[in-house]
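Thanks for coming. I will take you through one structure this morning, starting with charge and ending with a few strands.

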Amino acid sequence: MDTLINRVRVLAKEQPDKNAVCFKKEALTYRELYNVSVSMACLLTDKGVKKGDRVSFSAVSKPEMVVMYLALQAIGAISVFLDKNSTPSSMRDIFLESGSVILFTDKPMKESGEGINLQSLRGIYGLARENANLNTDENVINTLDSQDETKADDISEILFTTGTTGKPKGVMLSFGAVYNILSNTIEGTGIRESDIMLLPLPLNHSFALRVLRAVIYRGATLVLQNGFTFAKEVENNVSTFGCTSMAAVPASYEVMRSQMQDEFSRVLGGLRYIEFGAGSLSPRQRKELINLLPGVQIYNTWGSSESGGAIFCNVNEVVEDENNVRALGKPLKGRVEVRALDIDGAEVKGDIDHPGRMSIRGGMIMSGYWNNDELTKETLKDGWLLTSDMIYRDENGYIYMLGRADDIINVGGEKVSPIEVENVACGYSGIVECACIGASDPDGVMGEIPVLFYVADSSYSEPELIRYLSEKMEKYKLPKKFVAVESIPRNRMQKIDRKALHRMWDNQDDLELMNPVMQTILSRRSIRRFTDRDIPDNILEMIIKAGYHAPSGHNMQSWRFTVLTKVEDIRKLKEAARESAEKAKVHFYGFENPKVVILVSNDDRNPDGCQDASCASENMMLAAASYGIGSVWLNPLMTLRHIEPVKSVLDSFEIPDNHTVWSSIALGYPTHQGQTLKKKENVVKYI
């Protein structure tokens, strides 16, 4: 079987001194990559790893990740990739779910590491480099005790991806599937041996992995980067390593464009090609990229963890015809088959108003889901992979995607594609980005209505947007509600998080007051008892953002927001506050089981510290109320800062000694509506 490690073995002999993997100042040539991988494989076998064993490891964007992956292939063990940003508990869950024999990471695991075979990834990599012999005989790999001939059907790796229930799904890929996935990528994008690929994507994701495999198999050079957060790093890597290509996601284009401004074309204009995956570029983005980077080949690829890249789009070609600009692309001829199925499973051609569910076939298809035979049987049928994506095909063979089956909006029996609405809406000049979902019709007539969430600039006008949309789509497709947001929620790979949008929609305040802001102000109540329901991370982040967007005297912003989310930390603070309050004879009215406590402190040298903290606290409580979350303001800590045991507790939270904690805000979903207190109206005097 032609595996990646065997290919590296050949390349180590044919081009030993060529750089294979680079990261900042560290680089491995193909000879070094092979020898260090073999050395690590020997170390792993010494630790008892054998063929068929699962091994979990952090997919850090560094050479040690690539070496670990190749070493496991050499043994015939199964790679289980862990998101380097996962919580320790999530890493432990996947380790246990996969039945791994060992976990390699350098992330502090604390209590989550108890009872598992935990090892340092960086440590074993360093040892492998020390033990690697540049003159290692090419047959040394055969000395590995557990090394047997690899078969195409043997499982090579498991990619864990979040399912619709939230429980991770383990996608099993065989050595044969891995080979076909990398071959499809090489053919679909035309990777050359001379290419130097910049890969600033998380390496546990299928898109990044298939690019990594393809680049190394082709004998090109891979440049790793830890994400797109700082566009300056992209510029530095392109310049330092002479990159000729790059892999990106659509949202990263917006990040780079925003940060680079007028330098965007200069920095990226010298690349040979850019492949966008893990999402479709909008028609606007496709046109902009071709205009900004006229000499660069742009590809946009559809793929999944279950299939790798399967449908490739030459963006430079499709933008030439307005009818094709939204095309998903075409399947690779002779390698990938695609068909659309109706509700009964019969193949249909379909059209934009009558799409079918996409089913694909090819050598790249997964073997199934780990320990989930039922889901495997639902997804794999007679060699075909049944997806949740709704598609149709035109007369030129282009495939168009209208969204996932569960995202399609049913408006009075008519099917509306959220992607179609988004593509049209993004053509309006006042829209920066947008996302569409279906929501229950409040009038109970149409079943569902389209709701458009949008980020706008100063030129936005809702009447103008409605008029623009009315000219370009049928009436039943028009959004019935428009919701302004600061940003569109996205997942780790920057895809639109429609579940988050549904949660945002469901958490709307129903009170019919003069406007949403006043609804929140007039309906907020102090809540001291909370349910066990967790506050979603994105909502908590927005609440905190409301705090540091409050006014600050002289714009000093010397405040600090300490966010407690662990039950033990909240309990420890509560007990300490009660004890210190008794010593100081201060009233303490406490709270019951909040999910989050936010401590707002400020530097004692700031004379406006109390006022700044007060404005921030009020902002956060109003923001919480707008999301249906209860809150209560507690302020005994302002007099207890230096009284034990409160002092030790606050010190353990790394709150500076010269900070007064002006307010403590307890947050959680309320168990009750809160008491309505009569407000004094005689406190207002008009002059």
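On charge, the protein chain carries 79 positive and 91 negative side chains. The centres of those two sets lie 2 Å apart. Please keep in mind that this is a predicted model.

Next, the surface. About 31,700 Å² of the protein chain is exposed, and 48% of that area comes from carbon and sulfur atoms. As for the inside, buried residues account for 53% of the 687 residues.

Now the overall build. There are 22 helices and 31 strands in the protein chain. Its radius of gyration is 28 Å, close to the 26 Å that the globule rule gives for 687 residues, so the chain is as compact as a globular protein of that length. If you lay the C-alpha trace along its principal axes, it spans about 90 × 65 × 50 Å.

How far apart in sequence are the residues that touch? Take the contacts between residues at least 6 apart in sequence: 69% of them join residues at least 24 apart.

Let me turn to the strands. Nine of them make up an open sheet with mixed pairing. Reading across, the order is β2-β1-β10-β9-β11-β12-β13-β14-β15. Which strands sit at the edges of this sheet? They are β2, residues 26–29, and β15, residues 330–331, and each of these pairs on one side only.

Within that order, look at β13 and β14. Strand β13 covers residues 297–304 and β14 covers residues 308–314; the two are antiparallel and share six bridges. One residue to find on screen is Trp 302, whose bridge partner in β14 is Ile 311.

Further along the chain we come to β16, residues 337–341, which has pairings with two strands to go through. One is with β18, residues 356–361: the strands run antiparallel and five bridges join them. Here Val 338 has Ile 360 as its bridge partner in β18.

The other pairing of β16 is with β17, residues 347–348, again in the antiparallel sense, over two bridges. Leu 341 is matched with Glu 347 of β17. β16 and β17 form a hairpin with five residues between the strands, and in that hairpin Gly 345 takes a positive phi near 90°.

To recap, we have a predicted model with 22 helices and 31 strands, an open sheet of nine strands, and β16 paired with both β17 and β18. That is all I have.

Definitions and conventions:
Residues are numbered from 1 along each chain as its sequence is written. This is a predicted model: local features need pLDDT of at least 70, side-chain atom pairs count only at pLDDT 80 or more; totals for chains, interfaces and linings use all residues. Side-chain values use heavy atoms; hydrogens and water are left out. Helices (H or I, at least four residues) and strands (E, at least two) are DSSP runs, numbered from the N terminus. The radius of gyration is taken over C-alpha atoms; the globule rule is 2.2 Å times the number of residues to the power 0.38. Buried means under 20% relative accessible area, exposed over 50%, partly exposed in between (1.4 Å probe, protein chains only). Contact means heavy atoms within 4.5 Å. Accessible areas come from the Shrake-Rupley method with a 1.4 Å probe; for residues, only the protein chains shown count as cover. Lys and Arg count as positive and Asp and Glu as negative; His and the chain ends are not counted. The place of a charge is taken as NZ of Lys, CZ of Arg, CG of Asp or CD of Glu. Two strands pair if DSSP finds at least two bridges between them.
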